[in-house]
Amino acid sequence: MNISSLAAINLITGPLGSGKTTLLRHLLNLKPEQENWVLLVNEFGSVGIDGAILAETPSVRSIQLPGGCICCTAKSELTQTLQEVIEQYHPHRIFIEPTGLGEPDTLVEILQSEDFKNKLEIQTLFAVLDSANTSLKEIHDYTIMQNLLNMADVVVLNKTDLATSDQLETLQNYCQALYPAKRQILQTQQGKIAIKWLDHLHATSVTTNRCTTDHSHGNQTKNNGVMLPYMPITFSHPVERLYKQELGVQSIGYIFSDQATFDWKKLFILFQSLNETQYFPGLKRAKGVLKVGSPWMLFQWVNQQTTREYICYRRDSRLELLIESDQPFNFQEFEQRLQSCIL
C-alpha cells in the first residue's frame, strides 16, 4: 500500500503476448478500496484492445495513450498526460503498460526528469516473460529483451503451466545471473502475483548509503580493514575504493557517483591495454559499469579479450579488478589511465 506523499508509479513491461495485460487485470482487482489508481496504456496496435479490456475495472481510471510508442515518438504526450493525471486526479499509484516494443530505460529517464521531481516515486518495474515461448537465443538476439530484463526489479516468468521443467530452469538460472541482481524472480500462471511486490523502490531510484567522502582530496577509501598495497592517486571526482585479499586473489573496486562521466572510447582503450603484462601482470578479470553520457556501458576484460555493450544500469559508475595476489600489478598506472578517461 502506498503511503508516500508522492504518487507511486509501476511499469509493467514485456514482449508482445507475454501476459502483461493479464498481470495488470489481476493487480487492479487487488486495489485497496481507499486508494486512487490510474492506468496508462500504450499499445502497439491501432485499435486499443488492451485499453478496452483493462477499462472493465470501474474503480481504476484507465487512459489510452495513442500516437506511437511512448519510448520514442510519443514521449511528449506521455509527459503531458502524466502531468495532467497528477494535477487532476492526485493518484496514489499509476501504472504504465508500454507497448511490447517499448524501452523501459527511456521511460525511467522521463520519470526521473525535472518535470516529475517531488511528484513521482518509481516503484517496482516488472518484466513479464512467456516462459513457454522465450528462449535464451531470443534474449541474446534482441537488445530490447536485454533492456527489459536489465531494467526490471522483478521478473515474472508467466505461463509456467505451458512450459517444460527444462525451460523454466533455464530461464530461472539466466535471470538469477542478471546484473543488477533482481529483487525477485516469480514463476506464475495467469499473471497471479502478490500485491506486496508493487511497493519496492525501483533499483535506479535507490540512493545507496555511502561513507562520507573527503572532498579536500577527492577520494574515499573503504577497504574492510585492509591497507591498500599502493599509494592511491587523486581522482577529479570523489571515489569510494574497496579492497580485499583472500585465497590468493586481491580485489580492488571503484565506485563513482552518477556525476562522473567517462569517454567510452578511452575506456575501451584502457580495457584493451590491460593486456600489457609489463604493467598489469596477474590480472584475472576486469569488469565495469560506467556512465558514458546518457547511457551506461558494461565493459569486460577476460582471457585478454575486451567487450563492451549498452546496459540499463543507472545508479552509479563502478569498476572491479581481480588480480593474483603475488603479482606486481601497477595500481597507480591503472588509476592514472582511468583518470584520463573521465570527462
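This report walks through a predicted model of one protein chain, from its overall make-up to its salt bridges.

## Overall make-up

The protein chain has 343 residues, and 50% of them are buried. Its secondary structure comes to nine helices and 14 strands.

The accessible surface of the chain is about 16,400 Å². Carbon and sulfur atoms hold 49% of that surface. Contacts often span the sequence: among those with a separation of 6 or more, 69% join residues 24 or more positions apart.

## The seven-stranded sheet

Seven strands form an open sheet, and their pairing is parallel. Read across the sheet, the order is E3-E2-E4-E1-E5-E6-E7. Strand E3 (61–64) and strand E7 (184–187) stand at the edges. Each has a single partner strand, so one side of each is left without a neighbour in the sheet. Neighbouring strands are turned by 20° against each other on average, with direction ignored.

Strands of a sheet pair through backbone hydrogen bonds, in either a parallel or an antiparallel sense.

## Strand E1 and its partners

Strand E1 covers residues 7–13. In the sheet order, E1 sits between E4 and E5. With strand E4 (residues 93–97), E1 pairs in the parallel sense over four bridges. Ala 8 stands opposite Arg 93 in E4. Ile 9 stands opposite Ile 94 in E4. With E5, the pairing of E1 is again parallel and runs over six bridges. There, Thr 13 stands opposite Ala 127 in E5.

Is E1 buried or exposed? Seven of its seven residues are buried. In a regular strand, side chains alternate between the two faces of the sheet. Both faces of E1 are covered. On one side, Ala 7, Ile 9, Leu 11 and Thr 13 are buried. On the other, Ala 8, Asn 10 and Ile 12 are buried too.

## Helices around the sheet

Which helices lie across E1? Helix H4 (residues 104–111) lies across E1 and strand E5 (120–130). H4 runs at about 170° to E1. Helix H6 (residues 143–151) lies across E1, E5 and strand E6 (154–158). H6 runs at about 130° to E5.

Helix H1 (residues 20–28) is largely enclosed by the rest of the structure, because seven of its nine residues are buried. The buried residues in H1 are Lys 20, Thr 21, Leu 23, Leu 24, His 26, Leu 27 and Leu 28.

## A loop after strand E6

Asp 161 has its place in the loop between E6 and helix H7 (165–176). Asp 161 is partly exposed, with a relative accessible area of 44%. In sequence, Asp 161 and Gln 189 are 28 residues apart. In space, their C-alpha atoms are 6.4 Å apart.

## Salt bridges

Side chains of opposite charge can pair when their charged atoms come close. How many salt bridges does a search of the whole structure find? The search finds eight.

One of them joins Glu 335 and Arg 241, with the closest N and O atoms 2.9 Å apart. This pair links distant parts of the chain. Glu 335 is in helix H9 (residues 331–340), while Arg 241 is in strand E9 (residues 239–246), 94 residues apart. Both Glu 335 and Arg 241 are buried.

## More salt bridges, and a network

Helix H9 takes part in another salt bridge, between Arg 337 and Glu 276. The N to O distance for this pair is 3.0 Å. Glu 276 is in the loop between helix H8 (264–273) and strand E11 (283–291), and the two residues are 61 residues apart. Arg 337 counts as buried, because its relative accessibility is 19% and the limit for buried is under 20%. Glu 276 is partly exposed, at 27%. Where does this pair belong in a wider network? Glu 276, Glu 333 and Arg 337 are linked in a network of salt bridges.

Arg 318 and Asp 316 also form a salt bridge, with their closest N and O atoms 2.9 Å apart. Arg 318 is partly exposed, with a relative accessible area of 23%. Asp 316 is buried, with a relative accessible area of 3%.

How values were computed:
Residues are numbered from 1 along each chain as its sequence is written. This is a predicted model: local features need pLDDT of at least 70, side-chain atom pairs count only at pLDDT 80 or more; totals for chains, interfaces and linings use all residues. Side-chain values use heavy atoms; hydrogens and water are left out. Buried means under 20% relative accessible area, exposed over 50%, partly exposed in between (1.4 Å probe, protein chains only). Contact means heavy atoms within 4.5 Å. Accessible areas come from the Shrake-Rupley method with a 1.4 Å probe; for residues, only the protein chains shown count as cover. Two strands pair if DSSP finds at least two bridges between them. Axes are lines fitted to C-alpha atoms, for helices over the stretch in contact, and angles run from 0 to 180 degrees between N-to-C directions. A salt bridge is a side-chain nitrogen of Lys or Arg within 4 Å of a carboxyl oxygen of Asp or Glu.
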